[in-house]
Amino acid sequence: MTYNEFKDKVFKLAKEKGFEAQITYSKNYEFSIRLANGNMDEYKDANNSSISLKVLKNGKIGSASTTIFDAPERLLEEAITNYEIIDSEEENFFYDGKGEYPDIKSYYGEFEKLSVKEKMEKLNKMHEIASKDESIMMVPMTVLGHQVTEVSMANTLGLEKSYKGDGGYAYISVVAKDKSPRSGFWYGLTTKPENLNVEEISQKAVEEAKAKIGAKSVKSGKYRVIFRKDEFASLISTMLIPMISAENAQKNMSPLKEKIGEKIGSDILKIKDVPYYEGSLSNAAFDNEGVPTKEKNIIENGKFKTFLYNLKTAKKDGKESTGNASGRGIAPINLLVEPGELNFNELIKKLDNGIIITSLEGLHSGANPISGEFSLGAQGLKVENGEIVGGVEQITVSGNFLNILKNIEAIGNDMWISFGGAISPSVIVSEIDIAGNE
């Protein structure tokens with residue numbers, strides 16, 4: 001049975017029983033090779049698929065899933081059974097597929113054209129570049145992979161949309177010699193092989209490890225800092241994404257509740273959610289409910305402009321969905337911190353004296369997006385008179401995330417695309433508490 005035959009059968013049966021129905025069919029392909037200390041220890045070449053059915057009546061949803069186009073009657077009965085046992089007063093909705101959908105090119109197929117030999121050559125080159133550096137004692141892990149995702153979504157209200165996207169990634173971890181071993185890690189991701197610079201990824205990891213040689217702590221106090229692009233992306237993923245969820249605001253779990261239009265950040269801070277960003281693997285023309293995605297300002301010149309909504313939370317607030325339903329609730333498509341004009345070296349010069357934060361530890365346990373408070377182990381680089389003078393370790397950075405947004409005094413143009421859909425440059429923060437043991 002084909003997807004269309006299965007879908008049509010389920011929809012016909014559902015309507016006969018008085019239900020609206022919605023099917024989401026997902027197909028995923030993943031290829032990856034991993035080296036452990038230069039030897040292959042994992043090879044993955046796998047396909048998987050899933051079919052998810054939701055039935056809707058009187059604002060209540062029941063769901064069921066399968067992996068094959070077989071027995072549509074059984075899948076429908078399972079969804080209806082789950083509908084009957086759900087006890088919830090929340091009103092749910094399906095989207096009818098109306099509106100303007102962005103025209104997004106997300107599939108290129110270039111990674112699939114590479115032979116296994118070509119992929120191995122790239123992987124071995126990464127390992128070779130890192131291991132030939134005299135300061136590097138070990139290259140524990142080197143990985144190269146790519147993926148393809150296809151999604152088709154349809155319902156009995158008229159929604160009929162599909163999506164196909166792909167992209168590749170590479171990452172490497174290295175260990176440098178010192179009194180205690182110093183680790184370095186770097187990764188890159190993109191939609192085309194020619195933009196995946198494996199040489200640069202290896203060199204960055206090596207530089208990261210070597211910069212930590214001889215690292216020591218600092219005195220406790222207030223410091224000017226640069227949050228390097230990758231760490232600022234991690235920080236906003238952990239803190240800001242939950243804060244801008246309308247669902248969390250409605251549950252009194254966001255410090256931004258009732259702050260629309262208020263100043264929550266620096267005058268120079270602009271953050272958007274965009275459906276497309278070149279090189280991102282998160283681009284999408286519609287969300288998990290089939291609602292079209294669109295560009296929206298979240299923070300504009302420091303002012304908080306909007307929460308992100310799915311259909312259910314939008315109804316509660318008398319708003320329209322912003323196209324941000326996700327598998328885990330509500331999330332941006334590409335959360336973009338607008339770049340400034342300074343490159344990274346110019347940011348260091350502007351910092352003059354302070355610390356570059358290159359690693360944050362314990363984000364999921366030491367950061368609280370409900371209050372905005374955080375206390376995180378960190379590593380970094382010490383800057384004196386605009387020059388990096390050594391590594392920093394055994395420090396704890398703490399404060400409130402919203403104060404960080406307010407204290408941003410410069411924004412770089414060194415954009416970083418993360419796996420989680422956050423896209424950010426490095427930023428200078430004028431003041432943050434750092435505890436050390438010097």
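Is Glu-247 buried, exposed or partly exposed? With a relative accessible area of 23%, Glu-247 is partly exposed; buried means under 20% relative accessible area, exposed over 50%, and partly exposed in between, using a 1.4 Å probe on protein chains only.

## Ground rules

This is a predicted model, so to speak of a local feature here takes a pLDDT of at least 70, and side-chain atom pairs count only at pLDDT 80 or more, while totals for chains, interfaces and linings use all residues. Residues are numbered from 1 along each chain as its sequence is written, and side-chain values use heavy atoms, with hydrogens and water left out.

Helices (H or I, at least four residues) and strands (E, at least two) are DSSP runs, numbered from the N terminus.

## Salt bridges

Back to Glu-247: its side chain meets that of Lys-251 in a salt bridge, 3.3 Å from N to O. A salt bridge here is a side-chain nitrogen of Lys or Arg within 4 Å of a carboxyl oxygen of Asp or Glu. Lys-251 is partly exposed too, with a relative accessible area of 47%. Elsewhere, Arg-34, Asp-41 and Glu-42 are joined into one network by salt bridges that share partners. The structure holds 29 salt bridges.

Two others are worth a look. Glu-208 and Arg-228 pair up through their side chains at 2.7 Å, N to O. Glu-208 sits in helix H5 (residues 198-211) and Arg-228 in the loop between strand S7 (221-227) and helix H6 (229-243), so this pair ties together parts that are 20 residues apart in sequence. Glu-208 counts as buried at 12% relative accessibility, and Arg-228 counts as buried at 10%. Then there is Lys-222 with Asp-433, whose closest N and O atoms are 2.7 Å apart. That pair links distant parts of the chain, with Lys-222 in strand S7 and Asp-433 in strand S20 (residues 427-435), 211 residues apart. Lys-222 counts as exposed at 53% relative accessibility, whereas Asp-433 is partly exposed at 32%.

## Asn-155 and its surroundings

Asn-155 belongs to strand S4 (residues 136-155) and is buried, with a relative accessible area of 4%. What does its side chain do there? A polar contact of 2.9 Å joins it to the side chain of Gln-22, and the Asn-155 side chain also reaches the backbone nitrogen of Leu-157 at 2.9 Å. A polar contact is a pair of N or O atoms within 3.5 Å; within protein, one must be able to donate a hydrogen and the other to accept it, and residues adjacent in sequence count only if both atoms are side-chain atoms.

Leaving out residues up to four places away in sequence, Asn-155 touches Phe-11, Ala-21, Gln-22, Phe-94 and Tyr-95. Contact means heavy atoms within 4.5 Å.

## Tyr-187 in strand S6

Tyr-187 has its place in strand S6 (residues 182-190) and is buried, with a relative accessible area of 14%. Its side chain makes a polar contact with the side chain of Trp-416 at 3.5 Å. Not counting neighbours within four places in sequence, the residues in contact with Tyr-187 include Ala-170, Tyr-171, Ile-201 and Phe-419.

For a longer view, the C-alpha atoms of Tyr-187 and Ile-356 are separated by 19 Å, with their positions 169 residues apart along the chain.

## Helices H1 and H2

Helix H1 (residues 3-16) packs on helix H2 (residues 72-85) at an angle of about 50°, with the axes 9 Å apart. Axes are lines fitted to C-alpha atoms, for helices over the stretch in contact, and angles run from 0 to 180 degrees between N-to-C directions. H1 is therefore oblique to H2: angles under 35 degrees count as roughly parallel, over 145 as roughly antiparallel, 65 to 115 as roughly perpendicular, and the rest as oblique.

On the H1 side, the contact is made by Phe-6, Lys-9, Val-10, Leu-13 and Ala-14, and on the H2 side by Pro-72, Glu-73, Leu-75 and Leu-76.

## Positive phi in a loop

Most residues other than glycine have a negative phi. Asn-252 is not a glycine, yet has a positive phi of about 60°. Asn-252 is in the loop between helix H7 (246-250) and strand S8 (271-273), and is exposed, with a relative accessible area of 54%.

Glu-258 lies in the loop between H7 and S8 as well. Its phi is near 65°, again a positive value in a residue other than glycine, and Glu-258 is exposed at a relative accessible area of 69%.
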